[in-house]
Structures are given as structure tokens and as C-alpha cells.
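I opened this model to look up the ligand site first, then the chain layout and the backbone. My notes follow in that order.

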Amino acid sequence: MSNSMPLVQALRGHLSLGRISFHTPGHKGLPSPLDGLGDLKRLDLTELPDTDSLYEADGPIAQAMELAAGFFHAKRTLLSSGGCTLCIQAMLYLAAPTGGKVIFGRTLHRSAVNAMALLDITPVWVLPRPDAGPGLPGRIHPDDVEDALLRHPDAKAVYVTSPDYYGTRSDIASLAAVCRRRGVLLLVDNAHGAHFSLLTPDIHPLHLGADACADSAHKTLPVLTGGAWLQLGQRMPAEGALDAMALFGSTSPSYPIMASLDLCRSWMQEKGNAAFSQLQGQVEEVKKRAEGLGIPSPKGPVDPVRLAFNTLAVGVDGRRAAEHLRLYGIEPEMSDKGWVVLLPSPFHEKRHLQRLMDALTALPHGTEQSEAYFAPTLPEAVERPRAAVLGPSQWVDVEQCVGRVAAQAACPCPPGVPLVMPGEKIDQRVQLELIHSGIRRLKVVK
Ligand SMILES: Cc1ncc(COP(=O)(O)O)c(C=O)c1O
């Protein structure tokens with residue numbers, strides 16, 4: 001039997017390429033405050049009399065969470081070493097512990113779809129309006145949410161993802177006003193916006209009126225992968241919040257990850273604003289340069305320190321543009337037909353952003369055409385997600401899927417809006433779009 005270490009080799013192999021990381025995690029493997037943790041192996045401890053226990057926190061973990069809550073002006077801030085996924089599960093549990101209706105923006109991460117199934121939540125969908133640019137999902141509009149709440153006054157909460165992968169932000173202040181007026185909670189998947197309180201102006205959803213936010217700190221801040229905060233606002237039920245996390249999380253949360261969250265909060269308090277305001281200026285410059293080259297960014301309110309480039313505007317498929325960037329030693333976060341997404345950080349040096357600008361300037365324009373993007377619709381829901389996801393299922397070829405009920409979400413990018421969700425019936429239109437998106441097989445209810 002081979003005794004190779006394929007993963008170790010792959011990681012070392014990737015590092016040997018010497019690429020500049022413009023992807024998660026936020027520390028980029030560069031010198032950053034995270035270095036202050038020292039030897040991670042030595043911090044990899046467990047629940048000891050003096051190290052506290054996350055789910056029964058009353059010592060240093062409790063203090064770290066109180067300091068974080070003070071910094072974020074939250075009623076409570078919880079540490080997660082199980083990523084934003086764990087925060088999303090706990091957030092939905094706190095709002096709808098025994099299921100029921102929740103209004104969801106249709107652009108959402110699969111952790112929310114899974115939580116829906118686990119908690120037996122019945123989703124009421126609100127489609128985004130395609131207002132951010134070609135091939136982008138767009139924003140959840142407050143009027144559409146209000147309309148859904150009028151039709152479903154028994155909904156327990158509204159759940160939106162903002163910002164999305166491309167940095168597009170929905171109008172959280174207006175969404176929060178609608179939710180307050182209608183007496184429901186506003187929950188925000190703020191996975192990509194954990195740094196938002198450091199920007200000018202402060203655009204953190206909690207500070208714009210959201211009742212709870214899941215912040216994937218490791219994506220944009222100097223935190224180890226898996227580190228996230230669950231932020232609870234004043235109206236959010238906070239009793240049992242740790243129990244809610246314990247319901248879904250490991251009994252062995254990682255101390256190095258939790259310590260990196262503590263360290264990062266301290267750094268944010270001392271130096272975060274200055275670091276991010278400098279980055280904001282630098283990113284603005286790069287965007288301007290790209291715009292001058294004919295490569296636009298998303299329109300309307302966005303994360304000002306994220307780069308999303310519509311390279312298809314100059315005839316280059318985003319995936320080809322990503323290959324071009326790699327030739328320049330740059331590893332982007334993600335690419336699809338129309339767009340390349342990059343995550344700059346305060347720990348990048350000037351020369352890193354300069355390399356990115358050089359690579360963009362050298363991008364040869366092509367002739368690839370934008371296709372007509374489909375306008376997302378809502379297929380008929382015939383089962384609750386719980387039954388569809390957890391019940392018996394089978395894989396079928398897409399050619400055979402019409403009339404079947406999806407047991408999984410299918411979400412091609414572009415435009416990042418799911419074609420079908422678990423429990424929804426697949427019609428001919430959905431089938432055509434699945435084929436068009438290159439999806440060959442789908443899990444359906446047996
Ligand atoms: C929008 C969104 N929400 C939630 C998550 C889950 O975050 P984590 O990987 O920290 O569990 C992701 C991860 O990519 C995401 O993109």
C-alpha cells in the first residue's frame with residue numbers, strides 16, 4: 001500500500017508556485033497580526049480548568065466573547081471554530097427552533113439550505129432584482145420582502161445574504177425597517193462582510209439594523225480558517241445561544257481558531273480602521289484602472305475592498321482571465337463565465353496590487369460573447385426541504401429529471417441564483433437551464 005501524503009504534497013506543491021493569494025483566508029499566509037499567536041501547535045489545547053469550555057463558557061472564552069460584543073456593539077457575540085456555517089445554523093435555530101416559515105432571499109449558501117432541512121423550515125422565496133450587472137444575482141429589494149411578509153404574516157424571520165460573493169450589498173437599513181414594521185427578525189448571512197465595521201462609513205449589517213449576523217471572519221480578516229462570529233442584536237433571543245451552537249457544532253472546538261478570533265478583535269480595535277481605510281484607497285485605484293481598461297465592477301452599493309471584474313465586457317471568459325492572472329503569479333478567489341473575484345487585504349504589499357494591475361493591463365481582449373442569462377423563476381414547491389433532503393433520494397441524468405422533485409439545490413454561476421431548491425418540482429424550463437449550465441446529474445426524491 002502506498003504511504004504517500006497526497007494532501008500534504010498538494011499543499012506544498014501549491015506553495016512552491018509562489019503565487020500571491022487573492023483568496024481566503026484573510027491573512028493570505030503573509031505577515032499579519034496572526035503571527036502574534038506564535039506556535040499554533042502549543043496553543044492547540046483543550047478544555048482545562050484555566051482554558052474554559054465554549055459551550056459552558058464562564059472564564060476566558062466568556063471574556064473574549066464579551067470583549068467582542070463590546071467592540072461590535074452586539075447584545076452577544078459568539079465565537080465559532082466551525083465557520084460561518086455553524087453561526088448560520090445557530091442563527092436560524094434561535095429564530096425558528098421548531099421550524100415554520102422564514103422569508104429567504106433566493107441567493108443563499110448551502111449551509112442555510114441544510115439548516116432549513118435540519119430545522120424543518122418552510123422557505124418563502126424572494127428573488128433578487130438583477131440590478132448589479134450582467135451575470136450577477138443582484139439585490140434583495142425591501143419592497144419585495146414587504147410584499148412577502150404581507151402574504152405570509154406568520155413568517156418568523158427574514159434571511160438575506162449580503163454582501164454576496166461579488167461584493168454586492170442589499171439595502172440592509174431599509175430591509176431592517178421593513179422587518180421592524182412587520183414585527184419579524186432580520187437575519188443576515190454576512191459571511192463576506194466580517195470586516196464591514198472597519199470601513200468608512202461603517203456598513204456592518206448589525207449597525208444598519210439587522211437582528212443577527214453570521215460573520216465568516218476567516219474570509220476577510222487575519223483569522224484561521226473556520227473562525228467566525230455570530231452577532232446577536234438587541235431584539236434577538238440570546239438565551240440558549242451557546243446551546244444552539246452546541247446542537248450543531250463539534251464538542252472539540254479549536255482553541256487556536258478561537259484564539260485567532262480573540263487576537264483579531266484586539267487588532268481590529270487598535271489598528272483595524274487605519275489598515276482598512278488605507279486598503280479602501282488602494283482598491284479604489286485598482287478599480288478605476290480596470291474601468292479605464294474597459295473592465296467594469298458591479299454597479300451600486302458594494303463591499304469597497306472587494307474586487308470583482310466583468311472581464312467578459314472585454315470579450316474574455318472570467319475563467320480564462322483567471323488563468324491569465326495565474327501566469328502573473330496571482331491566485332484569484334473565484335471565476336465564472338463573466339467575472340473574476342479577488343480579495344485584497346491590508347496585509348498585501350503595494351507590489352502585490354501593482355502585479356495585479358500589470359496583469360490586468362496585459363489582459364488581451366477577446367471575442368467571447370455574453371450569453372443571454374436566464375431570468376430566475378420559482379418552480380412549484382411540492383415538499384418541504386426537510387423531507388426532500390433527508391428522505392430517500394437517487395441520482396438521475398438531467399434528461400430524465402422533468403416531473404421529479406429535487407433533493408438538492410442546483411445553483412450554477414452565473415447568475416448564482418438557484419434554478420431549483422430541494423422540494424421543488426423540476427419543469428422543462430429548469431431542465432433546459434440545467435443542461436445549458438453543464439449540470440449532467442441531479443439528486444431527486446425517490
Ligand atoms: C455566502 C456564504 N455564506 C456562508 C458561507 C459559509 O462560511 P464558512 O465557510 O465560514 O462556514 C460561505 C462560504 O463560502 C458563503 O460564501
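Entry 1, ligand neighbours. I listed the residues around the ligand in this predicted model. There are 13 of them, and C84, T85, D189, H192 and S216 come nearest.

Entry 2, polar atoms at the ligand. I looked up which atoms face the ligand's oxygen atoms. For T85, an N or O atom of the side chain is 2.6 Å from an oxygen atom of the ligand. S216 also places a polar side-chain atom by a ligand oxygen, at 2.7 Å. With C84 the atom belongs to the backbone: an N or O there lies 2.8 Å from an oxygen atom of the ligand. I then checked the cover. On its own the ligand has 390 Å² of accessible area, and the protein covers 83% of that.

Entry 3, the pocket. I asked which pocket the ligand takes up. The space it fills is the largest pocket.

Entry 4, make-up of the shell. I sorted the shell residues by type and found seven polar, four nonpolar and two charged. I also traced them to helices. Both α4 (83–95) and α8 (217–220) supply at least two shell residues each. The largest share is from α4, with four residues.

Entry 5, domains. I noted the division of the protein chain: domain 1 covers 33–268, domain 2 covers 273–361 and domain 3 covers 385–445. Taking centres over C-alpha atoms, I read 33 Å between domain 2 and domain 3.

Entry 6, cis peptide bonds. I went through the backbone for exceptions, given that most peptide bonds are trans and most residues other than glycine have a negative phi. The bond from T24 to P25 is cis, with omega near -5°. I placed P25 in the loop that runs between β1 (20–22) and α2 (40–43). T200 and P201 are likewise joined by a cis peptide bond, with omega about -5°. P201 sits in the loop between β6 (185–189) and β7 (212–215).

Entry 7, a positive phi. Which residue other than glycine has a phi near 70°? I found D52, where the value is positive. D52 belongs to the loop between α2 and α3 (60–72).

Entry 8, recap. For the ligand site I keep C84, T85 and S216 as the residues to look at again, being among those that come nearest. For the backbone I keep the cis bonds before P25 and P201, and the positive phi of D52.

Conventions
Residues are numbered from 1 along each chain as its sequence is written. This is a predicted model: local features need pLDDT of at least 70, side-chain atom pairs count only at pLDDT 80 or more; totals for chains, interfaces and linings use all residues. Side-chain values use heavy atoms; hydrogens and water are left out. A residue is near a molecule or strand if one of its heavy atoms lies within 4 Å of it. A polar contact is a pair of N or O atoms within 3.5 Å; within protein, one must be able to donate a hydrogen and the other to accept it, and residues adjacent in sequence count only if both atoms are side-chain atoms. Accessible areas come from the Shrake-Rupley method with a 1.4 Å probe; for residues, only the protein chains shown count as cover. On a 1 Å grid over the protein atoms alone, a cavity is a set of points where a 1.4 Å probe fits but cannot get out, and a pocket is an open set with protein on both sides within 12 Å along at least five of seven lines; lining residues have an atom within 4 Å of a point. A molecule sits in a cavity or pocket if more than half of its atoms lie within 2 Å of its grid points. Ala, Val, Leu, Ile, Met, Phe, Trp, Tyr, Cys and Pro count as nonpolar, Asp, Glu, Lys and Arg as charged, and the others, Gly among them, as polar. Domain bounds come from an automatic or database domain assignment.
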